[in-house]
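This briefing covers one predicted model. It starts with a helix and what covers it, and then moves to the sheet, the ligand and a loop residue.

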Amino acid sequence: MTERERRGEPASLAERRGLETRVYQPAEDSGLLAKAAVERVSGLVLEVGTGSGWVAETVARETGARVIASDVNPHACRQARARAEGADERGGSVEVVRADLLTPFRGGTFDAVLFNPPYLPTDPENEWDDWMEAALSGGETGRKLIEPFLDDVGRVLAPDGVVLLLVSSLSGFDEVVARAERRGFAAETVVEESYPFESLSVLLLRR
Ligand SMILES: C[S@@+](CC[C@H](N)C(=O)[O-])C[C@H]1O[C@@H](n2cnc3c(N)ncnc32)[C@H](O)[C@@H]1O
């Protein structure tokens, strides 16, 4: 356990990268997404790529929302499900399903969809084949998961539904906004933090 975790705070990216081999643990990006979400979401919420389940559990606890948390990584699903068992006692609820992006979800369903995607640009020569790569690598552009997510997320949103998407400067902020706009969304930055190696923003997307 890192010093920040002992204080009840999410560990920094630098502390966590390299320590955990299978499930992405909450870091600055997770904290920013949760902060943006607890102020803005309610009803039925989907968190895509839930990892440890910390964002889903925080949102359920703080807002009373019913959160569906999904991940393609079975180890993440197990960890998120174990964490979710406590969420009901504190208000809200979390249900965990294994899923590839938005594939199994019915159209017109969610009041909000949250996603902290894998976003690090990765040279194909240097890709490593494990679950942590699936959590971190966004392919050559950093947008390998972001683009199909933006292309499909409008389908699963309820009529007034919103999307909260974590975007790093490393994966091309302008390109992400342009893709969202092409898919019919208006984009607004609602949370932003700068770090020595990147800036992180949370985009609120509405139709
Ligand atoms: C950067 S981590 C974020 C984890 C967590 N939401 C957080 O903020 O701490 C990205 C997550 O997306 C998941 N993921 C990667 N590809 C996915 C896919 N095709 N469908 C669903 N989840 C995916 C990874 O397994 C990982 O848990």
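The buried residues of helix H4 (54-63) are covered by elements that include H3, S1, S2, H5, S3 and S4. Nine of the 10 residues of H4 are buried, so H4 is largely enclosed by the rest of the structure. The model is predicted, not taken from an experiment.

**Helix H4**

- The buried residues of H4 are Trp54, Val55, Ala56, Glu57, Thr58, Val59, Ala60, Arg61 and Thr63.
- An α-helix has 3.6 residues a turn, so residues three or four places apart point the same way.
- Gly64 comes just after H4 and has a positive phi of about 75°.
- H4 belongs to a right-handed β-α-β unit, together with S1 and S2.

**Strands beside the helix**

- Strand S1 consists of residues 44-48 and runs parallel to S2, with five bridges joining the two.
- Within this pairing, Glu47 is opposite Ala69 of S2.
- S1 also pairs with strand S4 (residues 110-115), again in the parallel sense, over four bridges.
- Here Glu47 is opposite Leu114 of S4.
- S2 (66-71) is mostly covered, with five of its six residues buried.
- S2 pairs in the parallel sense with strand S3 (residues 93-98) through six bridges.
- One bridge in that pairing links Ile68 to Glu95 in S3.
- Helix H5, made of residues 74-84, lies across S2 and S3, and its direction is at about 165° to S3.

**The whole sheet**

- Strands of a sheet pair through backbone hydrogen bonds, either parallel or antiparallel.
- What is the order of the seven strands in the open sheet? The order is S3-S2-S1-S4-S5-S7-S6, and the pairing is mixed.
- S3 and strand S6 (186-194) are the edge strands, and each of them pairs on one side only.
- From one strand to the next, the twist averages 20°.

**Around the ligand**

- How many residues surround the ligand? There are 25, and the closest are Ser30, Gly49, Gly51, Asn116 and Ala135.
- Two or more residues of this shell come from each of helix H3 (28-38), helix H4 (54-63), strand S2 (66-71) and helix H6 (131-136).
- H3 gives three residues, the largest share of the shell.
- By type, the shell has 14 nonpolar residues, eight polar ones and three charged ones.

**A loop residue, Gly91**

- Gly91 is in the loop between H5 and S3.
- Is Gly91 buried or exposed? Gly91 has 12 C-beta neighbours inside 10 Å, so Gly91 counts as exposed; the cut-off for exposed is 12 or fewer.
- Apart from neighbours within four places in sequence, Gly91 is in contact with Arg61 and Gly64.
- Of these two partners, Arg61 is one of the buried residues of H4, while Gly64 is the residue with the positive phi just after H4.
- Gly91 and Arg66 are 25 residues apart along the chain, and their C-alpha atoms are separated by 9.2 Å.

Conventions:
Residues are numbered from 1 along each chain as its sequence is written. This is a predicted model: local features need pLDDT of at least 70, side-chain atom pairs count only at pLDDT 80 or more; totals for chains, interfaces and linings use all residues. A residue is near a molecule or strand if its C-beta atom, placed from the backbone, lies within 6 Å of it. Ala, Val, Leu, Ile, Met, Phe, Trp, Tyr, Cys and Pro count as nonpolar, Asp, Glu, Lys and Arg as charged, and the others, Gly among them, as polar. A residue is buried if 20 or more other C-beta atoms lie within 10 Å of its own, exposed if 12 or fewer, and partly exposed in between; C-beta atoms are placed from the backbone. Two strands pair if DSSP finds at least two bridges between them. A crossover is right-handed if, with the strands pointing away from the viewer, the path from the first strand over the helix to the second runs clockwise. Axes are lines fitted to C-alpha atoms, for helices over the stretch in contact, and angles run from 0 to 180 degrees between N-to-C directions. Two residues are in contact if their C-beta atoms, placed from the backbone, lie within 7 Å.
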